[in-house]
Each structure stands twice: as C-alpha cells, then as structure tokens.
Amino acid sequence: MIKTLNIQDMRKKIGTAVDNRVRIISAGLGLTELRAVMRGDPPTEKPNPRYKVHTTSFIFHIRPRYYQAGSTILTNTFRLGFFTTLFFIIESITGVLLMIYYTPSPEKAYLSILNLMSNVPFGQFLRDMHRLGAEAMVIFTFLHMLRTFFTGSYKKERSFTWLTGVILLGVTLFLSFSGYLLPWDQLAYWAVTIGTSMAEAAPVGGNEINLLLRGAPDIGANGLLRFYLLHVVALPFAVIGVLSIHYYKVAREHGISLPARFEEGDVPPSEVKEAKKRIDFIPDLFTSEIFWTTLGLLILVLAITVGGYHAGLETIANPQVTPLDTTAPWYFWWLQGMLKLGDKSLMGIVIPTIIVLLLIGVPYIDRNKYRSMWRRPWAVSIGILAVIALVVLSYMGLLSFGIESDAATRIVQDLAPEEGVGALREVPYDQLQPGVYVVNETATKNMCPQLDFGCPEFEAFFTEYTRRINEAEAAGDLTNAETVLVVENWQQDLKKVTFRIGWTVDGENKTYEHSIFIHADRINE
Amino acid sequence: MAKENKPPAEETQIEEIKINRREFLNIAWLASLGFLTLSLGGVTYLFSIPRFKEGEFGGIVNVGTVSDVPRDEAPPENNPKVKFWLSSTEEGALALYTVCTHLGCLYGWRDQEDKFVCPCHGSQFHKDGQYIQGPAPRSLDRFAIRTVDPDTGNVLTESTDGSPLQLPEDPEAVIQVDTSQRIKGDPHA
C-alpha cells in the first residue's frame, strides 16, 4: 500500500515538474490550460494566463490581445494581409536556402541554377517554392490593397497605415523584379534590360538611376551583383522595417476595421454590440492562424508536387541576341501596355508617377466620411474602373497585342519558339522522318507508313502547321501561300527541320525560311 | 496555497474530459503543420548537405594503379589536393590524413629520419602513422582505402578500419581512397 502511494506521489511530482517547464516555455500556460486552449474552453486559472502571454512572450507581444468579433468575419478581410506576411516568411526561408548554391556572377549564376535543378536534392523544389511564393506574395499584396480600398478601411486614423501599405506594394514589386535577373537566363537579362531602360526616360536623373542600378551602361557583372544585394539584403530589410510599422499600426493603434455596416447604423444595436464583442487572441485567433498557415503551406507544396508548377529557365543570357518574344513579368504587363500607347517618358514615367501619387493620396483625396460601398459611389466606381483599366492595359501588354510581326514569322515562332519548347520540339525524334512535306498537298494522315506505329505526334504537328497557314491565308495575311516543311538527316543523331513559307505581296514573291536543329538526346520531348 | 489544492481536482477532471470536435481539428491541423515542418526540415537537410564529386576531397579519390604505389623503401607520397599521404609499409598501403592530430598543422616527411614530423609542436609519427613522441594525443588519422578491378569495378581488397591494405597481384588494379571516411588514430598511453 505504501508502495502505491509512493508511485502516485512521484507521478504528481513529475507532473508538476513537466507543468512548470511547459509554463516557462509557453510564458505562463500550463498543461491543463493548453488543453483548454485547444478545446476552446474558458481559461482554467485566474487571473487569465492567456493575457499574460502577450506581455511576457516576444512572439505574442506584437499580436493584439483580442480582436473585435466583427473584424474576424472571413469575408471582411479574407486573411489577405496574413497570407501576404506568410508568403514573405516563406520567401525569406527558401531564399536563404537557395543562397547556399547561388553565386552572383555572370560566369557562375546560370551554372549554379543548372546545378540546383539537376544535382542538388530538392533544389528544383525549393526554387519552385521560392518562385511560386513570390508570385503569390505579389497577388496577395494587390488583393489586400483592393480589399482595403473597397471596404474604405484607409480612412481617418488608418490613412498612415495605407501609406505604408502603398510603400510595401512598391517594395514587393521591386523585390520580385530584382529576383528576376538572378538566374541570368535570356528571360531575366532582357526583361530587366527593358525594365531598367524605362528609368532612362525620366527627364531628370534617369540616366543616373540607371547607372546606379546597373553599375555600368548595360547589365553585366556589376548589375547582377547590385540586383542580388538589393534582392537579398536591402529590399528585405525595407520590407521588414515598413511591415513592422504597418502591422504595429493595425495591432496596437486602430485594429482591423469592422465591416462598415456596424459603424454606420445599418444593423440593429444588438448586432453592433455582438460585433464589438472581444474575441481573445488565445485561443480562437491563434488556432485559426495555425489552420491558415498549414493550409497556405499545403497549397504551395501541392501546387508544385501535384500541380506541376515549375519555375522556368531559358538559355543562358546572351547580351548579343534579343529573343523574339521578350516580355516583362506579368505584374508589369499593364506598364508594357501603356508603353505601347505613347511616348516613353509620358507613359513610362509621368503617368506611373501620377498613379503612385494618386494611390498615396487616396485617403486625403477621398473626403467622404462613409465607409459603406453604397454610400461612396464615386470611390467605388473609380476603383472598379481602375481595375478594369489595369486588366485592359495588361491585355494590351501581351505579345499578341499591337506588335506587328508578319504572319510567317509568327507561325514559325509559335510552333518552334526561340525560347521554350513548342509543338515541333515535342514531336519524338523517331517520328521526324526525312522528306519534303507540302502544306495542303501532303496528306496529314498516315504520313509515315514505314514506321510500325505511325507518327501521330508529327501528324498532329503538321496538321496544326497546315491549320495556321490556312488561317493566315483566309485572313489575308498570306496570299498565294506556298509552304513546305523539310526534314533532313543532318548528322548522326541530328536532324534539321526547315520551315519555308512563300507568299506574294503586290505581285512580288517573298519567302521566309527558318531552320531548327533537333538532336536525338535533347531533353524536351 | 489555493493553487496547491487545485491540481489534483483538475487532474481527475482531465481524465473525464473527452476530446471534442474543436480539439480534434486543432490537433489535426497542428499535426499537419508539424508533419509539413518536419518534411520541409528534411528537405532542407538533404538540400543543404554538401555532395562531393569523385576525385574531390570529401569524396572518393582514384590514386592510381597498384604499380604506382611507392614500394616498401620509397618515401610516402603526398596528395595535397585531396589531403592524404599515400604510405606503403610491409603490411600494406595506408592513406594518412595530412593534418596533425595535435592542433591541425600539416606535418611533413623527413627522409633522413624516416618519420613524419609536425613543424608546429614537434609531434613525430612512424611511416605507418603510429605515434612516436610529442604533444599529439593519438596516432595519425587514416582514410578508408580499397583496390578495385579496373575492368569490372569489383572491390578486390578493402580496409575500412584504418588497417594497412593488402595490395593485390594485379598491377593494373585501381586504388581508391574514400576521403569521407576518416578513421581516428589510436590514442597512445
């Protein structure tokens, strides 16, 4: 009997010892209390230990003790700011890891990416994660700003928070853009060349800004190093600094805004009272943040592993050759679209500056005291118009818009692009049987009777080629088209595929010829 | 004092409380987050751990063929890039790590004295790496060494415990040193 008593005694002592340790780590929450947090039960001790955490623990001291019930409604915020921050943290972690294998010099940068993708375990995964996280961060920053605009949450005491938000949007875009150059492939080199050239259009100091960014008249070793330092040191520090101010304002000064209906008397007082009820950070908001974090991470990982998202890599940067389809990153398509509309200084510098100033000025321009969308028709219509303008301009920024390239070049570039794979390179090597294939004469069925299983991919490709030519002819872009595709055995394991398109303009004959060499051991099939 | 009375009451309570839906979900999400973090931690480890190419220090190094090995009387041969001395004794060949076991200096071979001497604090070692005298705490460290058939790649003889490697008859057999496997020398009395 004495023995059993002892065991119970020991159990109790061990329990207390563990409990004490846990309390030290969790800044005051014991085991029983932690279980109650998980269950959503009221606090088990008095005074409420869940408040003490907010003064004693570093991580929790920057978080508010409670939110107002109304501000936690999902459709009020969509957790957009939370996700933006989450993606920034993911970017920081994956970014530091990628730095292990990256060397910022023109000789080594591209090779280090190749090494990362082919030789380092999970190298491609982490690169994809970093790239996808960056895209997500840009998207969520933008959506977060839209949400704030449409719910009128930038008004009064929140105007300074809005300003820091606009700065964060700019820094986020620049962060993403500066990372663009680092792989040192053709896409990187030329997208950044175009981007920095826009600064040149500035009437004052444009040339100096350009020199500061590139470290030379054109992008080279100095430019790469400067972009690298901006990307990994200067801009992340800027984000951390401004984000701290941004979040501190939200957490400590004015809180997340309530939906307008609770502030403007559209609902009965009892509902307002309900909406202003406090929801303690621990347990409800804390556990919900764990949920959102898990979900965000899971979606990122699944998009890469199951969804097949991959960060692209083109051929190594070549300052002597601009590839045919050079584009800016998608979040700058609107700017590219504007540049097609007019003068470089007006569209590339003056109007963007005005847009930025307008964005910063939103809280001061909009003197309407209401926040409900129905009571601010002007602001909401302008907002919707701005979004539509952005979409239209982005569409105009696409390659297919407004750039005159003749039909023959376009067709060949689409089927066998200078960068990337395209329909031709997807045809298996064996199916490229030597011969002269004449569009609209050679039958697109049973093209290679000498092969046991035929050549379905090659037939599909040739059908597509025929379709594109006929389409262009019907549209009047190619008159009297005479088109052939020639496949030749060029060397051992090397075939030469030639596109030859002839047409007439005003009775004059023109030809476009383009050859692609395809090796048996190439990687894309 | 009230605290001390409380815990027993709570303890009995815990055993009675059944898991509720919210607790289950919270645990599920926490567990998923833990699982994700662990997996990504594993990814980070595999990503960060360096990989060595053949012929580079930290990987497997082809030293040459059996006929290239300095025979009995000949002095040991230094391979500074891959950091070992190839030394041959009556018992067989050894790959000795070029770093002194005392404080990390590089020792050298004294042909006249027929021993290794460290220039920093004067530790001395026999040709087979055995400690003679000086402040070094143990004999020289060795690398795993083996001979492989040049045609088939099969391992002919192998020493993974730092003992001298018996050289096969075939003069064309290739000697390989695994510089990732360092065997610490025996401490002296």
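**Exercise 1. Find how strand 6 and strand 7 of chain B pair, and place them in their sheet.**

Step 1: In this predicted model, strand 6 (residues 115-117) and strand 7 (residues 124-125) of chain B pair in the antiparallel sense over two bridges. Strands (E, at least two residues) and helices (H or I, at least four) are DSSP runs, numbered from the N terminus, and two strands pair if DSSP finds at least two bridges between them.

Step 2: Look at B:V117, whose bridge partner in strand 7 of chain B is B:Q124.

Step 3: Now widen the view: four strands of chain B form an open, antiparallel sheet in the order 5-6-7-8. Strand 5 (108-110) and strand 8 (131-133) of chain B are at the edges with a single partner strand each, so one side of each has no neighbour in the sheet.

A note on conventions: residues are numbered from 1 along each chain as its sequence is written, and chains are lettered from A in the order in which they are written. As the model is predicted, local features need pLDDT of at least 70, side-chain atom pairs count only at pLDDT 80 or more, and totals for chains, interfaces and linings use all residues.

**Exercise 2. Work out how helix 9 and helix 12 of chain A are oriented.**

Step 1: The axes of helix 9 (residues 159-181) and helix 12 (residues 221-254) of chain A come within 9 Å and cross at roughly 160 degrees. Axes are lines fitted to C-alpha atoms, for helices over the stretch in contact, with angles from 0 to 180 degrees between N-to-C directions.

Step 2: Helix 9 and helix 12 of chain A are therefore roughly antiparallel (over 145 degrees).

How values were computed: Parallel < 35°, antiparallel > 145°, perpendicular 65-115°, else oblique.
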